[in-house]
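Ready for a few exercises on reading a protein structure? Take a look at the sequence and the model, then try each task before you read its solution.

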Amino acid sequence: MSTQFLRHVTRQFLTFGLDHLCTAVQAFLNDKQAGGLSPQTVDFYRRSLNKFMRFCESQAIDQVEQITPEIIRSYLSRLEQDGHNANGRHAHYRSLRAFLYWLEAELGEEDYHAPIRKVKPPKLPKEVIEGVSLEDIQRMLAACQGRGFTELRDKALLLFLLDTGSRAGETLAIDLADVDFATGSVLIRKGKGSKQRMVYFSKTTRRALMAYLRARRDDHPALWVNERGERFTRSGLDKTLHLRAKQAGLIETPSAHDFRRAFALNMLRSGCDVFTLQRLMGHSDLSVLRRYLAQTEGDLQEAHRRASPVERLKGR
């Protein structure tokens with residue numbers, strides 16, 4: 001579907017008017033897709049806003065002007081009742097906010113003022129999930145012993161996820177042409193929000209990557225391939241993590257995002273500054289990293305408790 005066609009459809013929706021909720025949502029989705037937003041983000045907006053529209057339908061609401069701050073608060077309460085955790089409710093809030101802000105910009109603030117401006121977002125928990133521990137990663141790597149294609153690929157993949165902190169989708173989209181083995185750098189072409197950035201890997205990961213590539217017998221341009229020489233899929237990645245976790249004797253299977261969390265925390269604990277880490281991880285702001293910083297501050301407190309020089313004074 002061409003960008004020109006999507007722009008045309010969006011203009012048609014605008015011509016019909018944005019007062020009807022369903023029409024406005026579809027116009028928003030068309031505009032975001034035409035603007036180059038990633039398919040994953042557009043799909044989340046679609047699923048999230050469809051849920052909001054179903055809620056509005058249950059409240060006999062089908063016009064944009066019927067959406068009030070109280071309706072939005074009721075919707076967030078319904079999400080909580082349905083079992084959505086704070087992070088999930090916050091994600092749905094952000095989706096609705098993006099839609100209503102877009103609507104405000106399209107119609108003009110003099111004609112429409114987004115009611116969500118009066119609604120506070122759900123509070124996020126302050127604790128940070130640790131992610132996979134280095135000890136567990138070591139055990140998963142030990143489960144990849146062997147010189148076969150699968151073992152070499154899985155070992156390189158585990159090291160790559162931990163070393164770069166790249167998202168699952170970003171990792172799987174990498175082509176061999178994006179990797180500079182001389183400098184240990186990778187161009188992430190399909191980052192969140194269609195933003196490109198550079199990530200880096202160590203000499204240990206480079207050796208593992210080279211061993212894996214020597215075991216390949218295909219000519220596919222993708223960096224990560226399956227046994228048939230096809231680009232590795234998200235399903236294949238999840239199955240690989242589950243298999244290696246099971247072989248390592250882990251109770252729970254770490255996700256690719258757990259590796260990303262482990263990357264962030266260990267970089268901070270090793271002295272990496274938060275602004276450099278923000279660029280490496282492709283975050284648009286520091287809100288998530290502030291939560292990681294809170295975690296590392298706890299580490300400092302525990303380290304001080306264990307090694308306090310005053311506590312070691314004799315006869316105090």
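**Exercise 1.** Which residues of the largest nonpolar core touch the most other members?

*Solution.* Let's begin with the ground rules. This is a predicted model, in which local features need pLDDT of at least 70 and side-chain atom pairs count only at pLDDT 80 or more, while totals for chains, interfaces and linings use all residues. Residues are numbered from 1 along each chain as its sequence is written, and side-chain values use heavy atoms, with hydrogens and water left out.

Step 1: know the terms. A nonpolar core is a set of buried Ala, Val, Leu, Ile, Met, Phe, Trp, Tyr and Cys residues joined through side-chain atoms within 4.5 Å. Buried means under 20% relative accessible area, with a 1.4 Å probe and protein chains only.

Step 2: find the hubs. The largest core has 41 residues, and W224, L237 and F259 touch the most other members.

Step 3: see who contributes. Helix α7 (149-164) is among the elements that supply at least two residues each, and its nine residues are the largest share of this core.

Step 4: look beyond this core. Another core, of 30 residues, lies apart from it and includes L21, V25, L100 and I116.

**Exercise 2.** With which residues is W224 in contact, leaving aside its neighbours within four places in sequence?

*Solution.* Contact means heavy atoms within 4.5 Å. By that rule, the partners of W224 include R153, A156, L157 and F160, and also L209, Y212 and F232.

**Exercise 3.** How far apart should the end C-alpha atoms of helix α4 (residues 69-81) be?

*Solution.* Step 1: helices are DSSP runs of H or I with at least four residues, numbered from the N terminus.

Step 2: the expected span is 1.5 Å times one less than the number of residues. For the 13 residues of α4 this gives 18 Å, and the end C-alpha atoms are 19 Å apart, which agrees.

Step 3: pick out the buried residues of α4, namely P69, I71, I72, Y75, L76 and L79. They cover an arc of only 165° around the axis (taken from the directions from the helix axis to the C-beta atoms), so they sit on the same side of α4.

Step 4: ask what covers them. The cover includes α3 (39-58) and α5 (86-107).

**Exercise 4.** How many of the 14 residues of α2 are buried?

*Solution.* Helix α2 (residues 21-34) is mostly covered, with 10 of 14 residues buried. Among them are L21, V25, F28 and L29. Just after α2, G36 takes a positive phi of about 90°.

Note on methods
Buried means under 20% relative accessible area, exposed over 50%, partly exposed in between (1.4 Å probe, protein chains only).
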